[in-house]
Amino acid sequence: MVAGLLFGGGGSAGKDYAIAHDHPTALVWKGKQLWMADWLAQSVYEYRASGEKLEQVRAVHLPDSTVTALAVGGDRLFLADAGRRVIEERKMDATLTLVRSQASPGPSPSALFWDGRYLWSCDASTGRIYRHEAESGLSVLESFKAPGKSPTALHKDEAFLWSAD
C-alpha cells in the first residue's frame, strides 16, 4: 500500500490515506470525489472522502494506457495518455466511456487542467503549454513556451497560469 495526501475535498489537510494501488501518476478533485490514475495498473480510480476515510468507489481498467494526467470538466473526465500520445475525453459513467480521443500536441503529455472554459495541457518533451478548445475536438488554440524545461503540473487561477517543472 501507498500513502496519499489529502488536501481538499472534505478531508483532513496533511493526513495520509492508504490507497489500493502502488503507482499513482495523476489526481484531481471533483467535490468530495478524488480521481486518481495508476500508470502501471492501467487504471483510473474514484475515491470518496468520508470523514476520516478515503474510500475507493471504483476502479476502471483502461487497457494499453499510460495515464499521466487527469482533469475534470463538469461531467467529463479528461486524461492524458503518454504511451499512446493522446488526450481523451471520457464520460464519468460506470465504464468511463470514451467520447473522443485527440493526438497530443507533443510526444509526452504530462499535465492537464480544466479552467471552466478551456482544457490546458503541457508536454514534458517539448516544454510547451497548450490551450485547447474543449467543446468540439480538443484542437489547440494556442501554445506557449513553459518557464521551465519539462513541465509536469498545471494550475490556473484568475491571474496566473501556474506550471511546475
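What percentage of the 165 residues of the protein count as buried? In this predicted model, the share is 42%. The paragraphs below start with the whole chain and then turn to three single residues.

The confidence of the prediction is a good place to begin. The average pLDDT of the protein is 88, and 92% of the residues reach a score of at least 70. One stretch calls for some care: residues 1-11 stay under 50 in pLDDT, although the model gives this stretch 33 contacts beyond four places in sequence.

The secondary structure is quickly told, with 16 strands and zero helices in the protein. The radius of gyration is 15 Å, close to the 15 Å that the globule rule gives for 165 residues, so the protein is as compact as a globular protein of that length. Measured out along the principal axes, its C-alpha trace spans about 40 × 35 × 25 Å. Among the contacts with a separation of 6 or more, 31% join residues 24 or more positions apart.

The surface can be described in a similar way. About 8300 Å² of the protein is exposed, and 53% of this area is supplied by carbon and sulfur atoms. As for charge, the protein carries 18 positive and 20 negative charges, and the mean positions of these two groups lie 2 Å apart.

Which residues does Ser-110 touch, leaving aside those up to four places away in sequence? This residue belongs to strand 11, which covers residues 109-114. Its contacts are Thr-68, Ala-69, Cys-122, Asp-123, Ala-124, Pro-151 and Thr-152. The relative accessible area of Ser-110 is 13%, and Ser-110 therefore counts as buried, because the cut-off for that class is under 20%.

Two loop residues deserve a closer look for their backbone angles. Arg-85 sits in the loop between strand 8 (76-81) and strand 9 (86-91). Its phi is near 60 degrees, a positive value in a residue other than glycine. With a relative accessible area of 49%, Arg-85 is partly exposed; the class of exposed residues begins over 50%.

Leu-96 is placed in the loop between strand 9 and strand 10 (98-103). Here too phi is positive in a residue other than glycine, with a value near 55 degrees. Is Leu-96 buried or exposed? Its relative accessibility is 0%, so Leu-96 counts as buried. Side by side, then, the two loop residues read as follows: Arg-85 is partly exposed, whereas Leu-96 is buried.

Notes:
Residues are numbered from 1 along each chain as its sequence is written. This is a predicted model: local features need pLDDT of at least 70, side-chain atom pairs count only at pLDDT 80 or more; totals for chains, interfaces and linings use all residues. Side-chain values use heavy atoms; hydrogens and water are left out. Helices (H or I, at least four residues) and strands (E, at least two) are DSSP runs, numbered from the N terminus. The radius of gyration is taken over C-alpha atoms; the globule rule is 2.2 Å times the number of residues to the power 0.38. Buried means under 20% relative accessible area, exposed over 50%, partly exposed in between (1.4 Å probe, protein chains only). Contact means heavy atoms within 4.5 Å. Accessible areas come from the Shrake-Rupley method with a 1.4 Å probe; for residues, only the protein chains shown count as cover. Lys and Arg count as positive and Asp and Glu as negative; His and the chain ends are not counted. The place of a charge is taken as NZ of Lys, CZ of Arg, CG of Asp or CD of Glu. pLDDT is the predictor's confidence in each residue, from 0 to 100.
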